[in-house]
Amino acid sequence: MKRIFIGSFVKIPDLKYEKIKKDFGGIIAGRWVPEKNFHITYTFIGNSSDKEISNIKQVLSPVLNKEIEVDIQFSGLGAFPNIYNPRVFFVKIKDTNGELSRLNSFISGKLAVLGYKSDKNFVPHITLKRIKHVKKQQFLNAIKRYSDIDFGSQAYIEVNIIESILTPEGAIYKKLD
């Protein structure tokens, strides 16, 4: 069994990650996501057998492991469910031409045929930290300073089946071929 999700790795060109870690380090507790793990999640699937993974590869073959043109802007920081009760701290993504939404609909539709249902509304983002504890007022003040900062853009992505290997030091993500 492999713990998997469908996603796209990204590189955020102008993210001042060390500065963000410094600005928010004493305000939110949790583990920072390493830059090599930055990704967009379309669907989390969970534990899957080789046969299930083979079926997923088959239905997603039109988009899997191919360079896909997108127009995404990394702009500002946010939190789920919201900035007043933050549990997930992230970089916002503007899906300028709607390609990520189209891809997500395609992926959800194909996976639905195999019995997987999408778990929530698709809001493209790059998780920086899952928050264990927050100093709310300081967080609100800090996040407002980052509300519209432009961190660059990306013109191509690749949709992958990504294995998530859980370790005491954090998750290791690797693309399945």
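**Exercise 1. Is D23 buried or exposed, at 19% relative accessibility?**

Solution. The model is predicted: local features need pLDDT of at least 70, side-chain atom pairs count only at pLDDT 80 or more, and totals for chains, interfaces and linings use all residues. Residues are numbered from 1 along each chain as its sequence is written, and side-chain values use heavy atoms, without hydrogens and water.

Step 1. Take the cut-offs: buried is under 20% relative accessible area, exposed is over 50%, and partly exposed is in between (1.4 Å probe, protein chains only).
Step 2. D23 has 19% relative accessibility, so it counts as buried.

**Exercise 2. Find the salt-bridge partner of D23 and place the pair.**

Step 1. A salt bridge puts a side-chain nitrogen of Lys or Arg within 4 Å of a carboxyl oxygen of Asp or Glu.
Step 2. K19 meets this with D23: the closest N and O atoms are 2.9 Å apart.
Step 3. Both sit in helix α1, four residues apart, or about one helical turn. Helices are DSSP runs of H or I with at least four residues, strands are runs of E with at least two, and both are numbered from the N terminus.
Step 4. K19 is partly exposed, at 48% relative accessibility.

**Exercise 3. Contrast this with the salt bridge of K175.**

Step 1. K175 pairs with E158, the closest N and O atoms being 2.9 Å apart.
Step 2. K175 lies in strand β10 and E158 in strand β8 (residues 150-158), so the pair ties together parts that are 17 residues apart in sequence.
Step 3. K175 is partly exposed, with a relative accessible area of 36%. E158 is partly exposed too, at 26%.

**Exercise 4. Classify the ring pairs Y17 with W32 and F24 with F139.**

Step 1. Rings of Phe, Tyr and Trp (its six-membered ring) pair if their centres lie within 6.5 Å; planes under 30 degrees apart are stacked, over 60 edge-to-face, and the rest tilted.
Step 2. Y17 and W32 are 5.9 Å apart, centre to centre, with 90 degrees between the planes: edge-to-face.
Step 3. Y17 is in helix α1 (residues 17-25) and W32 in the loop between β2 (28-29) and β3, so the pair ties together parts 15 residues apart in sequence.
Step 4. F24 and F139 have centres 5.9 Å apart and planes at 65 degrees, so this pair is edge-to-face.
Step 5. F139 belongs to helix α4 (residues 136-145) and F24 to helix α1, so the pair ties together parts 115 residues apart in sequence.
Step 6. Y17, F24, W32 and F139 join one aromatic cluster that also includes F38, F89 and Y146.

**Exercise 5. Which residues of helix α2 are buried, and how are they arranged?**

Step 1. In α2 (residues 50-60), I53, I56, V59 and L60 are buried.
Step 2. Down the helix axis, these fall within an arc of 130 degrees (directions from the axis to the C-beta atoms), so they line one face.
Step 3. D50, K51 and Q58 are exposed on the other side.
Step 4. The cover over the buried residues includes β1 (2-9), β3 (39-48) and α3 (99-113).

**Exercise 6. Where does T127 sit, and what does it touch?**

Step 1. T127 is in strand β6 (residues 125-130).
Step 2. T127 is buried, at 16% relative accessible area.
Step 3. Contact means heavy atoms within 4.5 Å. Beyond four places in sequence, T127 contacts V33, F38, V88, F89 and F90.
Step 4. F38 is 89 residues from T127 in sequence, yet 7.1 Å away in space, C-alpha to C-alpha.
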